[in-house]
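Biologist: I'm new to this structure and would love a close look at a single part of it. Could you walk me through the pockets?

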Amino acid sequence: LGPERIEKYFRFFNFGEKTQIDLPMEKKGLVPSPEWKKKNRKEAWWIGDTYNISIGQGDFLATPLQIAVAFSILVNDGKLIKPQIVSKIVENWDGKVIKEFLPQVIKENIFHPKNIQIIKEGMREAVVYGSAKILNDLPVKTAAKTGTAEIPKKGYYHHWLVVFAPYENPEIILTLLIEEIKGLQSATLPIAKNVLKWYFEEK
């Protein structure tokens, strides 16, 4: 694909931009490019840089919230929706609604529905057959993508997980990141399992 096309697709998912959530001090992350590297590192772009960003490593930076928002495209019919904490502001004494915050679509019709479905099916198979099998015995069908990010500390990794449920009609997306875990055995999956079990059985 090359770095220019990879950057183009990253930006379809709004990487490198703030999600505009109603919280202060949000970071926008980084989608590196040959121009960025030349300006900031005073170095040329190498094929190894392309390999790194193609799997979300190297100089690429994203917050857990950005990952959740990007994956939300899969469960919102191809729409990228602005995340928000506040749904409405009400009067303290009588419950009168002063202001309501409706969902805002940032982008839509970015990808063909057939391609979105292929990704969702792959994430479902990660639970049925693959690296996220521990989620198989939850009360609802789930779909997930695991990730292990290499870091300079030898033998340690950042463990990532994105999971949505129920598979057929999603209502929750979890993004988990645990930093500096020794070894490759996932530390995020048991946590996700407990959260989803609580959400669907006990809440």
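Modeller: Happy to; here is a tour of the pockets, beginning with a word on confidence. Please keep in mind that this is a predicted model. The protein chain has a mean pLDDT of 92, and 100% of its residues reach 70 or more. Confidence is highest in helix α2 (residues 34–41), with a mean of 96, and lowest in strand β4 (residues 105–107), where the mean is 90.

Now to the largest pocket, which holds about 1400 Å³ of space. Its lining is made up of 41 residues, and if you want to find the centre, look for Phe10, Ile55, Gly56, Phe60 and Ile67, the closest ones to it. Both helices and strands take part: α1 (2–12), α3 (47–54), α4 (64–75) and α5 (113–128) each give two or more residues to this lining, as do β5 (143–150), β6 (156–165) and β7 (172–182). Strand β5 provides the largest share, six residues. By class, the lining consists of 26 nonpolar, twelve polar and three charged residues.

The second largest pocket makes a nice companion, with about 250 Å³ of space. You can trace its lining through Leu65, Ala68, Val69, Ser72, Asn76, Ile81, Lys82, Pro83 and Ile173. Here the largest share, four residues, belongs to α4, a helix that also gives two or more residues to the lining of the largest pocket. Sorted by class, the second lining has six nonpolar residues, two polar and one charged.

How values were computed: Residues numbered from 1 in each chain as written. Predicted model: local features only at pLDDT ≥ 70, side-chain atom pairs only at ≥ 80, totals over all residues. Heavy atoms only, no water. pLDDT = per-residue confidence, 0-100. 1 Å grid on protein atoms, 1.4 Å probe; cavity = no way out; pocket = protein on both sides within 12 Å on 5 of 7 lines; lining within 4 Å. Points joined across faces, edges and corners; volume = space filled by probe spheres on them. Nonpolar A, V, L, I, M, F, W, Y, C, P; charged D, E, K, R; others polar.
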